Amino acid sequence: MDAHTLFIIDDEETIRDSLAFALESTYTLQTFETGQEALAVIPKNPPDLILLDIGLPDISGIEVLQQIKGTHPGIPVIMITAFEEITTVITAMKSGAYDYLVKPLHMDALEIVIANALETVSLKKEVKGLQEQLIQENLPCFIGESEVIQEMLTFVDTVAKSPDTPILILGETGTGKELIASAVHHRSPNFRSNFVTVNCAAIPRDLIESEIFGYERGAFSGANPNGKRGLIEDAHRGTLFLDEIGDLSLKAQAALLRFLETGEFYRIGGTRKHHVQARIVSATNKDLEQMIQAETFRRDLFFRIGVIKLEIPSLNERRSDILSLATFFLEQFNRKFSKKVTTFSEQALQAIMTHHWTGNVRELKNIMERGVLVAKGTTLTPGDLGFSEKPSNGSNADTMFAPLTTDGIDLPLLRQEMDKFYIKESLTLTNGNESQAAKLLNINHHTFRYHRKKCMDTDQGEDNNQGDGS
Ligand SMILES: Nc1ncnc2c1ncn2[C@@H]1O[C@H](COP(=O)(O)OP(=O)(O)OP(=O)(O)O)[C@@H](O)[C@H]1O
């Protein structure tokens with residue numbers, strides 16, 4: 001391993017020489033007579049540790065220390081002082097010095113202080129690296145191969161980068177709003193701080209403001225006599241996720257708006273302003289615009305929380321994700337229950353692929369949990385999943401899917417063909433009326449147009465390829 005690099009900053013030549021003599025066999029040294037000279041080199045070539053004289057001729061050692069801590073807070077700085085002047089030493093330690101030594105220097109003591117400082121720094125680096133690795137390895141996994149989900153995840157990566165832009169996540173219950181909120185947090189620069197969740201629907205309306213912003217002692221009867229910090233404080237430099245934001249009382253809405261605009265808030269019953277930096281991510285499956293009409297949700301707050309809006313489509317609108325989600329949960333629950341369920345029976349697969357998922361991914365997850373738990377063998381049956389063993393009437397289940405053989409199938413192509421078939425059928429049935437066609441397929445207009453365009457693109461691609469070959 002390369003030797004650690006040390007900078008010695010001292011105007012006395014004898015001190016520089018004696019330090020160099022004592023330390024040069026263990027460390028790579030660079031010596032400086034003035035603070036300015038050292039400050040010019042540090043940004044280009046930062047050392048592992050600095051020995052810094054307090055009484056320098058150009059700018060004081062304390063000032064040099066403060067500048068180093070401002071730009072390179074991780075470098076330990078050991079101050080050297082001619083006499084133990086307590087106020088200077090306190091200022092140095094308050095400004096972030098690692099330790100101080102009084103002249104004349106005892107080389108044994110100096111070597112111990114340097115070795116300890118370097119070990120502390122390397123331990124801190126190791127802990128930070130391990131923390132980051134742990135967080136990255138446990139990142140919540142949002143499964144979805146459909147293009148809408150892939151595009152949304154790319155967008156999530158982009159918007160997560162700004163640490164404080166408010167984000168509003170919309171979508172039916174169980175579509176994964178909380179999972180996306182947590183992905184935003186974990187992909188943001190603030191991922192080391194807390195991700196704090198408040199389910200606004202689960203807290204009585206008259207208590208919600210005090211839960212989020214806290215209260216001072218004696219704020220209301222029944223309150224904790226010592227007062228209470230708000231959850232917003234726990235989210236400092238992190239993320240506060242307000243689930244079911246439509247359930248916020250109007251009073252809490254006003255306090256939230258003030259916080260979003262100024263970064264400040266008051267605890268209930270308090271007069272002292274508190275400052276917190278936290279990103280607010282909100283989610284709801286309610287129609288907030290309708291609530292604005294009914295005057296139960298503030299229009300100004302709606303705009304403020306939704307600087308970025310993410311809309312997660314229902315599972316029925318992205319049926320191509322069902323199989324990958326089911327497989328993901330199969331593996332997850334195999335691990336949880338120490339089971340070895342490896343496949344779905346043909347009927348179980350049909351049931352999963354044709355079911356109408358009103359509870360979205362949560363419903364699929366619950367069904368898979370039950371299935372893996374009760375399955376007797378290695379293959380999941382419709383009964384294990386709580387479906388009827390017989391294909392439901394009119395589902396054409398036997399003929400809907402080609403049997404899977406050891407030759408395999410081209411699932412992406414099958415999905416593409418199925419999309420194309422139903423898009424065309426629905427347009428024929430509705431005389432080309434897109435919004436009626438979308439209704440027939442139980443998808444929204446936007447998703448319909450997206451799939452229609454994709455089908456047209458692949459049709460064109462095929463035509464071009466045929467043209468090339470002729
Ligand atoms: N794409 C996904 N990949 C993996 N797991 C998912 C996905 N979407 C949702 N889940 C899982 O489904 C469950 C429900 O998701 P989540 O709680 O995030 O939904 P929600 O939209 O916030 O629901 P609600 O509106 O009821 O609060 C969770 O256990 C979550 O981990």
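Helix H7 is mostly tucked away, with seven of its ten residues buried. Keep in mind that this is a predicted model. The chain is assigned four domains: domain 1 (5–134), domain 2 (147–313), domain 3 (316–401) and domain 4 (415–469). Here's a tour, starting with H7 and the sheet it packs on.

**Helix H7 and what follows it**

- The buried residues of H7 are Lys-177, Ile-180, Ala-181, Ser-182, Ala-183, Val-184 and His-185.
- What do they pack against? The buried residues of H7 lie against H6, S6, S7, S10, S13 and S14.
- As a whole, H7 packs on the sheet and touches S6, S7, S10, S13 and S14. The direction of H7 makes about 165 degrees with that of S10.
- After H7 (177–186) comes a loop leading to S7, and Ser-188 sits in that loop.
- Is Ser-188 buried or exposed? Its relative accessibility is just 3%, so Ser-188 counts as buried.
- Leaving aside residues up to four places away in sequence, Ser-188 touches Ala-160 and Arg-279.

**The five-stranded sheet**

- The sheet is open, has five strands in the order S7-S10-S13-S6-S14, and its pairing is parallel.
- S7 and S14 (308–311) are the edge strands, each pairing on one side only.
- On average, neighbouring strands of this sheet are turned by 20 degrees against each other, if you ignore direction.
- S6 and S14 pair in the parallel sense over four bridges. Within this pair, Ile-167 stands opposite Ile-308 in S14.
- Helix H6 (147–160) also packs on the sheet, touching S6, S13 and S14. The direction of H6 makes about 155 degrees with that of S14.
- S6 and S13 run parallel too, joined by four bridges. Here Leu-170 has Thr-284 of S13 as its bridge partner.
- Which residues cover the two faces of S6? Ile-167 and Ile-169 are on one side, Leu-168 and Leu-170 are on the other, and all of them are buried.

**The nonpolar cores**

- As a bit of background, nonpolar side chains tend to be buried together in soluble globular proteins.
- In this model, the largest nonpolar core has 32 residues. Those with the most contacts inside it are Ile-212, Ile-232, Leu-240, Leu-242, Leu-256, Phe-297 and Ile-305.
- Several elements give two or more residues to this core. Among them are four strands you can pick out: S6 (167–170), S7 (195–199), S10 (238–243) and S13 (278–284).
- The helices giving two or more residues are H8 (208–213), H10 (250–262), H11 (288–293) and H12 (299–305).
- Which element gives the most to this core? That's H10, with six residues.
- Leu-256 has quite a list of contacts: Phe-213, Leu-242, Ile-245, Leu-248, Ile-280, Leu-301 and Ile-305, not counting residues up to four places away in sequence.
- There's also a second, separate core of 24 residues, and it includes Phe-329, Ile-352, Val-372 and Ala-375.

**Where domain 3 meets domain 4**

- How much area is buried between domain 3 and domain 4? It comes to about 510 Å², with carbon and sulfur atoms giving 46% of it.

**Backbone spots to look at**

- Lys-103 and Pro-104 are joined by a cis peptide bond, with omega at about 0 degrees. You'll find Pro-104 in the loop between S5 (99–102) and H5 (107–137).
- Glu-244 has a phi near 55 degrees, a positive value in a residue other than glycine. Glu-244 belongs to the loop between S10 and H10.
- Asn-442 has a positive phi as well, near 60 degrees, and Asn-442 isn't a glycine either. Look for Asn-442 in the loop between H18 (434–440) and H19 (445–469).
- How covered is Asn-442? With a relative accessible area of 39%, Asn-442 is partly exposed.

Methods
Residues are numbered from 1 along each chain as its sequence is written. This is a predicted model: local features need pLDDT of at least 70, side-chain atom pairs count only at pLDDT 80 or more; totals for chains, interfaces and linings use all residues. Side-chain values use heavy atoms; hydrogens and water are left out. A nonpolar core is a set of buried Ala, Val, Leu, Ile, Met, Phe, Trp, Tyr and Cys residues joined through side-chain atoms within 4.5 Å. Buried means under 20% relative accessible area, exposed over 50%, partly exposed in between (1.4 Å probe, protein chains only). Contact means heavy atoms within 4.5 Å. Two strands pair if DSSP finds at least two bridges between them. Axes are lines fitted to C-alpha atoms, for helices over the stretch in contact, and angles run from 0 to 180 degrees between N-to-C directions. Domain bounds come from an automatic or database domain assignment. Buried area is the accessible area (1.4 Å probe) that two parts lose on being put together, summed over both.
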